[in-house]
Amino acid sequence: MPEGHSVHRIARQFARNFVGHAVRVSSPQGRFAEGASLIDGHVMTDARAVGKQMFLAFDNGLWLRVHLGIYGAWDVAGEITTDDTIRSTRGRMGQTNQRGTVLDETSLNDAAGEDSIHSIGAPRKARLRMSEGEKENDDPDFAFPPEPVGAVRVRLLTEAAVADLRGPTACEVLDDAQVRTVIDRLGPDPELDASEAAEERVVSAVRRKQTPIGQLLMDQSVVSGIGNVYRAELLFRARLNPHTPGKAVPEETVRGLWRDWVHLLAIGVRTGQMMTMDNLSPADYAKAMASRDDRHWVYKREGLPCRVCGTNIAMQLLASRKLYWCPYCQK
Ligand SMILES: [Zn+2]
């Protein structure tokens, strides 16, 4: 399932290629025909991510809310702009069993960030799959707009770009008040609000609960955007036992977890990769960006020796999601 960094990157893709344009909205599959008719023909005015959800605004005051869930994906095609991190790889990137970008940290920093003109190429004909990872299709030779393939819930079409959504958990049209209600139920998202107030909200939400911290970090009403990979890695980086009840986690430790999430999410949004290791040599960094096996402390490493202490990494189901941790470092 896409974690927060992926959803922010998808929202940015919409900001670049759809915001400011009149959009033909349809439901090739038919299931969303009624919703599509409410926003069809209107100009998209905003694209934003909050945690794992994306909100696209239209000039008639309505919003399209999309939650990709486990199976959802966007296919974007046409004369579109892509950033350095996507251009640098023809393979998949983002989620972890995929070949990633080989850009090193220096060249990314030189690109001066996502919104810099240097990091974003001129529009060119391309096809892009965006879900928990990003994959550029190698065949630039397609008729525009391409025929919808499979069960496309919603198609957004401008004169130059098209985006097809398949398999989402949520796809609905909401008004301002309804969007507000959805967002108010979500915990803070560091890409939108890394203020002290946001930190306080997370601290008090965690320290009110008896629920294990490993579960609270994935609770989107406590903090937004963390999924299974970031959960495991944040807990290891804090050397915290995932089973510790929220109220038993020292306040400073909760603050540390939040600040680390601010740090890791920014890296994820910038690079497209869930890079959770710091202070790597340039060679190790390139290796880690290219392969998950070199990128994480504990995620998907059950039975392998801990990178710090050599103890075998443990795995168990917690609230029916796989939890990975080092029983020695995270006592
Ligand atoms: Zn260890």
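These exercises work through helices, strands and one glycine of a predicted model.

**Exercise 1. Check the length of helix α1 against the span expected for its residues.**

Solution. Start with the extent: α1 covers residues 4-17, which is 14 residues. Next, apply the rise of 1.5 Å a residue; the expected span is one rise fewer than the residue count suggests, because the span is 1.5 Å times one less than the number of residues. The helix should therefore span 20 Å. Finally, compare: the end C-alpha atoms of α1 are 20 Å apart, which agrees.

**Exercise 2. Is α1 mostly covered or mostly open? Name its buried residues.**

Solution. Take the cut-off first: buried means under 20% relative accessible area. By that test, eleven of the 14 residues of α1 are buried, so the helix is mostly covered. The N-terminal part of the list reads Gly4, His5, Ser6, Val7, His8, Arg9, Ile10 and Ala11. Gln13, Phe14 and Asn17 complete the list. Now look for a covering partner: α1 lies across β2 and β3 (53-58), and runs at about 170° to β2.

**Exercise 3. What is the strand order of the open four-stranded sheet, and which strands stand at its edges?**

Solution. Read the order: β2-β3-β4-β10, with antiparallel pairing. Then find the ends: β2 (44-50) and β10 (170-175) each have a single partner strand, so one side of each is left without a neighbour in the sheet. Neighbouring strands are turned by 20° against each other on average, direction ignored. Go on to one pair: β4 (residues 62-67) joins β10 through six bridges, in the antiparallel sense. There, His67 stands opposite Ala170 of β10. Last, add the helix over this sheet: α5 (residues 176-184) lies across β2, β3, β4 and β10, at about 125° to β10.

**Exercise 4. Describe the hairpin of β11 and β12.**

Solution. Set the strands: β11 is residues 314-318 and β12 is residues 321-325. They pair in the antiparallel sense over five bridges. Fix one bridge: Ala314 is partnered by Trp325 in β12. Then inspect the turn: two residues lie between the strands, and Ala319 takes a positive phi near 50°.

**Exercise 5. Classify how α8 and α6 each cross α9.**

Solution. Two packed helices are described by the angle between their axes and the distance between the axes.

- Take α8 (residues 228-237) and α9 (residues 251-271): their axes come within 10 Å and cross at roughly 130°. That makes α8 oblique to α9. The crossing is right-handed. Tyr230, Leu234, Leu235 and Arg237 of α8 meet α9 residues Leu257, Asp260, Trp261, His263, Leu264 and Gly268.
- Take α6 (residues 196-207) and α9: the axes come within 9 Å and cross at roughly 130°. That makes α6 oblique to α9. This crossing is right-handed. The α6 side of the contact is Ala198, Glu199, Glu200, Val202, Val203, Val206 and Arg207. The α9 side is Glu251, Val254, Arg255, Trp258 and Arg259.

**Exercise 6. Where does Gly225 sit, and which residues does Gly225 touch?**

Solution. Place the residue: Gly225 is in the loop between α7 (213-216) and α8. Test the exposure: a relative accessible area of 1% is under 20%, so Gly225 is buried. Check a distant partner: Lys52 is 173 residues away in sequence, but 5.2 Å away in space, C-alpha to C-alpha. Now list the contacts, leaving out residues up to four places away in sequence: Glu3, Gly4, Gly51, Lys52, Gln220 and Trp261.

Conventions:
Residues numbered from 1 in each chain as written. Predicted model: local features only at pLDDT ≥ 70, side-chain atom pairs only at ≥ 80, totals over all residues. Heavy atoms only, no water. Buried < 20%, exposed > 50% of the residue type's maximum accessible area, 1.4 Å probe, protein only. Pairing = 2+ DSSP bridges. Axes fitted to C-alpha atoms, helices over the stretch in contact; angles between N-to-C directions. Parallel < 35°, antiparallel > 145°, perpendicular 65-115°, else oblique. Left-handed = near helix turned anticlockwise from the far one by under 90°. Contact = heavy atoms within 4.5 Å.
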